[in-house]
Amino acid sequence: MSSLPSHQARRYNVEKTAQMIEATLRWRREYGVEKLRAEDFADLPADEIAPKADADGHSVVTLRMGAVPKSAFANRARYLRWRLCMQESGLRSLALGKAE
């Protein structure tokens, strides 16, 4: 986890940056982010991770909202856990910091 975006968001205030990172880590622990598994959302579509980057070198993640059944929105908490699971899965699939 890079602290630079947090540090920039807090105008390079080290104390505020540390508080922001601590709050993020606490939220992730309380929300159970590490325990989210795609298998728990087998009834919902998976995001598509493009094998290549866009023109600026950023990886591409496609969310096809039309493929999401309307029933997914009936339980907001479950929908948010699914979205978070897909985002975490996408992040884990990226080869961040690795040369190709």
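What share of the 100 residues in the protein chain is buried? In this predicted model, buried residues make up 20% of the chain. The accessible surface comes to about 7900 Å², and carbon and sulfur atoms contribute 53% of that area.

The secondary structure consists of 3 helices and 2 strands. Read from the N terminus, the elements follow the order α-α-β-β-α. Confidence over the protein chain averages a pLDDT of 79, with 79% of the residues reaching 70 or more. Among the elements, helix H1 (residues 4-9) has the lowest confidence, at a mean of 60, whereas H2 has the highest, at 88. Where pLDDT is low, the predicted coordinates should not be read in detail. Of the contacts with a separation of 6 or more, 47% are between residues 24 or more positions apart.

The interior was examined next. The largest nonpolar core holds 11 residues in all, namely Val 33, Leu 36, Phe 41, Leu 44, Val 68, Ala 72, Tyr 79, Trp 82, Leu 84, Cys 85 and Met 86. In soluble globular proteins, nonpolar side chains tend to be buried together. Within this core, Val 68 serves as an example. When residues up to four places away in sequence are not counted, Val 68 touches Pro 45, Phe 73 and Trp 82. Trp 82 is itself a member of the core.

Phe 73 also appears in a description of the surface. Together with Leu 63 and Met 65, Phe 73 forms a nonpolar patch on the surface, and the accessible area of the three comes to about 250 Å². Phe 73 is located in the loop between strand S2 (59-62) and helix H3 (76-93). Its relative accessible area is 40%, so Phe 73 is classed as partly exposed. Phe 73 is thus a residue of the surface patch that is also in contact with Val 68.

Charged side chains were considered last. Side chains of opposite charge can pair when their charged atoms come close. A search of the whole structure finds 3 salt bridges. Arg 28, Glu 34 and Glu 88 are linked in a network of such bridges. In one of the pairs, Arg 28 meets Glu 34 with an N to O distance of 2.9 Å. Arg 28 is partly exposed, at a relative accessible area of 21%, while Glu 34 counts as exposed, at 51%. In another pair, Arg 28 meets Glu 88, again with an N to O distance of 2.9 Å. Because Glu 88 lies in helix H3 and Arg 28 in helix H2 (residues 14-31), this pair ties together parts that are 60 residues apart in sequence. Glu 88 is buried, with a relative accessible area of 12%.

A further salt bridge joins Arg 78 to Asp 43, with the closest N and O atoms 2.8 Å apart. This pair links distant parts of the chain, since Arg 78 belongs to helix H3 and Asp 43 to the loop between H2 and strand S1 (48-53), the two being 35 residues apart. Both partners have intermediate accessibility: Arg 78 is partly exposed at 22%, and Asp 43 is partly exposed at 49%. Helix H3 therefore takes part in links to H2, through Glu 88 and Arg 28, and to the loop that follows H2, through Arg 78 and Asp 43.

Definitions and conventions: Residues numbered from 1 in each chain as written. Predicted model: local features only at pLDDT ≥ 70, side-chain atom pairs only at ≥ 80, totals over all residues. Heavy atoms only, no water. Patch = residues over 30% accessible without salt bridge, like charges linked within 9 Å, V, L, I, M, F, W, Y side chains within 5 Å. Areas by Shrake-Rupley, 256 points an atom, 1.4 Å probe, with all protein chains shown as cover. Salt bridge = Lys/Arg side-chain N within 4 Å of Asp/Glu carboxyl O. Helix = DSSP H or I, 4+ residues; strand = E, 2+ residues; numbered from the N terminus. Buried < 20%, exposed > 50% of the residue type's maximum accessible area, 1.4 Å probe, protein only. pLDDT = per-residue confidence, 0-100. Contact = heavy atoms within 4.5 Å. Core = buried A, V, L, I, M, F, W, Y, C linked by side-chain atoms within 4.5 Å.
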